[in-house]
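Here's a walk through how some of the helices and charged side chains fit together. Have the structure open as you read.

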Amino acid sequence: MDHNSDIAYTQAMADIDVAGVDGVIKTAEDVLAIAEADRDNDQNIDLDQAIQHIQTKMAETLFVETLSTTQANRIAALSL
């Protein structure tokens, strides 16, 4: 277990999280494509939430190991 939790992060959890991460990556990519000065408050909130979500999941080794190469590359390209 990679974080301080009473619940072990399982392969089933990683599978679910990885299956759902594409939308979160897309949100971050879309907002980052907008110049920072041109983003509205909602976009900044969406970006902050997406980054927090990705960073939290990336702290789990099993999540990282379950990512496809494409997903891992897209996350790396975000330069979080």
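## How α1 and α4 cross

In this predicted model, helices α1 and α4 cross with a left-handed sense. Their axes come within 10 Å, at an angle of roughly 30°. That's under the 35 degrees cut-off, so α1 counts as roughly parallel to α4.

Which residues make the contact? On the α1 side you'll find Val 18, Val 21, Asp 22, Ile 25, Lys 26 and Glu 29, and they meet Gln 71, Arg 74 and Ile 75 of α4. Sorted by class, that's 4 nonpolar, 1 polar and 4 charged residues.

## A salt bridge across that contact

Two of those contact residues, Asp 22 and Arg 74, also pair up through their side chains in a salt bridge, 3.5 Å from N to O. Asp 22 belongs to helix α1 and Arg 74 to helix α4 (residues 69-77), so this one links distant parts of the chain, 52 residues apart.

Buried or exposed? Asp 22 sits in between, being partly exposed with a relative accessible area of 32%. Arg 74 also counts as partly exposed, at 23% relative accessibility.

## A bridge inside α1

How many salt bridges are there in the whole structure? There are 4. One of them stays within a single helix: Asp 30 and Lys 26 join side chains at 2.8 Å, N to O. The two are 4 residues apart in helix α1, so about one helical turn separates them.

Both ends are partly exposed, with Asp 30 at 37% relative accessibility and Lys 26 at a relative accessible area of 43%. Elsewhere, shared partners turn separate salt bridges into one network made up of Asp 22, Glu 29 and Arg 74.

## The buried pair

Now for α1 and a second helix partner. The side chains of Asp 17 and Lys 57 form a salt bridge, at 3.1 Å from N to O. Asp 17 is in helix α1 (residues 11-32) and Lys 57 is in helix α2 (residues 41-58), so the pair ties together parts of the chain that lie 40 residues apart in sequence.

What about solvent exposure here? Asp 17 is buried, and Lys 57 is too. Compare the pair between α1 and α4, where Asp 22 is partly exposed and so is Arg 74.

Note on methods
Residues are numbered from 1 along each chain as its sequence is written. This is a predicted model: local features need pLDDT of at least 70, side-chain atom pairs count only at pLDDT 80 or more; totals for chains, interfaces and linings use all residues. Side-chain values use heavy atoms; hydrogens and water are left out. Buried means under 20% relative accessible area, exposed over 50%, partly exposed in between (1.4 Å probe, protein chains only). Axes are lines fitted to C-alpha atoms, for helices over the stretch in contact, and angles run from 0 to 180 degrees between N-to-C directions. Angles under 35 degrees count as roughly parallel, over 145 as roughly antiparallel, 65 to 115 as roughly perpendicular and the rest as oblique. A crossing is left-handed if the near helix is turned anticlockwise from the far one by less than a right angle, and right-handed if clockwise. Contact means heavy atoms within 4.5 Å. Ala, Val, Leu, Ile, Met, Phe, Trp, Tyr, Cys and Pro count as nonpolar, Asp, Glu, Lys and Arg as charged, and the others, Gly among them, as polar.
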